[in-house]
Amino acid sequence: MAAAPKAALVKNADGYDEVAARLKPSAKAMWDLPSGSLVNVLDEWVECTFKKFHGFIKAKNLPGVETKAPGEMAEVCDSYKGNTETCMRRHAEQDSTTGNVLCYVPNGPGVVKLVERWVEFQWKGHRGFAKARHIQPAPEGA
């Protein structure tokens, strides 16, 4: 059973009034989210490279990735006990069909190179993605 979405606060890390929202990470910005908006976080994804592959892995499978900067190497550890590898997807979607699976990445330290962290969110009935550095924990009681 999936966890309920958690509330988060949009705050541009670069000091601007808005944050670019995208339909998917590879798309151009579709609209701007005003700083101070509350969104529901649906999932967290990491855009990364492994060997010749460039794709997306769920953040929960990359321990400590929130402390890493783009270009740094990250550890892979699948969140399901007993799994020795995790799925890298073409698109940041919970879709493990053959068309979306790029490869399986083995567990271990320094396996993937971080490109960008993304938050999949819902805001006023719209789903989208924003760079994770612009999304903060919601204030108490939000």
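A residue counts as exposed when its relative accessible area is over 50%, as buried when that value is under 20%, and as partly exposed in between. These terms are applied below to a predicted model, in which lysine 124, at 68% relative accessibility, is classed as exposed because its value is over the 50% cut-off.

The protein chain contains eleven strands and zero helices, so that the order of elements from the N terminus is β-β-β-β-β-β-β-β-β-β-β. For a chain of 142 residues, a compact globule would be expected to have a radius of gyration near 14 Å, and the value of 15 Å computed for the protein chain agrees with this. Along the principal axes, the C-alpha atoms fill a box of roughly 40 × 30 × 30 Å. Of the 142 residues, 39% count as buried, and the protein chain exposes about 8300 Å², of which carbon and sulfur atoms supply 51%. Among the contacts between residues at least 6 apart in sequence, 62% join residues that are at least 24 apart. The protein chain carries 19 positive and 17 negative side chains, and the centres of these two sets lie 4 Å apart.

Two lysines were examined for their backbone geometry. Most residues other than glycine have a negative phi. Lysine 51, although not a glycine, has a positive phi of about 55°, and lysine 124, likewise not a glycine, has a positive phi of about 50°. Lysine 51 is found in the loop between strand S4 (38-50) and strand S5 (53-58), whereas lysine 124 is found in the loop between strand S9 (108-123) and strand S10 (126-131). Lysine 51 has a relative accessible area of 73% and is therefore exposed; lysine 124, as noted above, also counts as exposed.

A search of the whole structure for aromatic pairs finds one. This pair is formed by tryptophan 31 and phenylalanine 121 in an edge-to-face arrangement, with 6.4 Å from centre to centre and 75° between the planes. Because tryptophan 31 lies in strand S3 (residues 29-34) and phenylalanine 121 in strand S9, the pair ties together parts that are 90 residues apart in sequence. As to solvent exposure, tryptophan 31 is partly exposed, with a relative accessible area of 22%, while phenylalanine 121 is buried, with a relative accessible area of 0%. Strand S9 thus holds the buried phenylalanine 121 of the aromatic pair, and the loop between strand S9 and strand S10 holds lysine 124.

Conventions:
Residues are numbered from 1 along each chain as its sequence is written. This is a predicted model: local features need pLDDT of at least 70, side-chain atom pairs count only at pLDDT 80 or more; totals for chains, interfaces and linings use all residues. Side-chain values use heavy atoms; hydrogens and water are left out. Helices (H or I, at least four residues) and strands (E, at least two) are DSSP runs, numbered from the N terminus. The radius of gyration is taken over C-alpha atoms; the globule rule is 2.2 Å times the number of residues to the power 0.38. Buried means under 20% relative accessible area, exposed over 50%, partly exposed in between (1.4 Å probe, protein chains only). Contact means heavy atoms within 4.5 Å. Accessible areas come from the Shrake-Rupley method with a 1.4 Å probe; for residues, only the protein chains shown count as cover. Lys and Arg count as positive and Asp and Glu as negative; His and the chain ends are not counted. The place of a charge is taken as NZ of Lys, CZ of Arg, CG of Asp or CD of Glu. Rings of Phe, Tyr and Trp (its six-membered ring) pair if their centres lie within 6.5 Å; planes under 30 degrees apart count as stacked, over 60 as edge-to-face and the rest as tilted.
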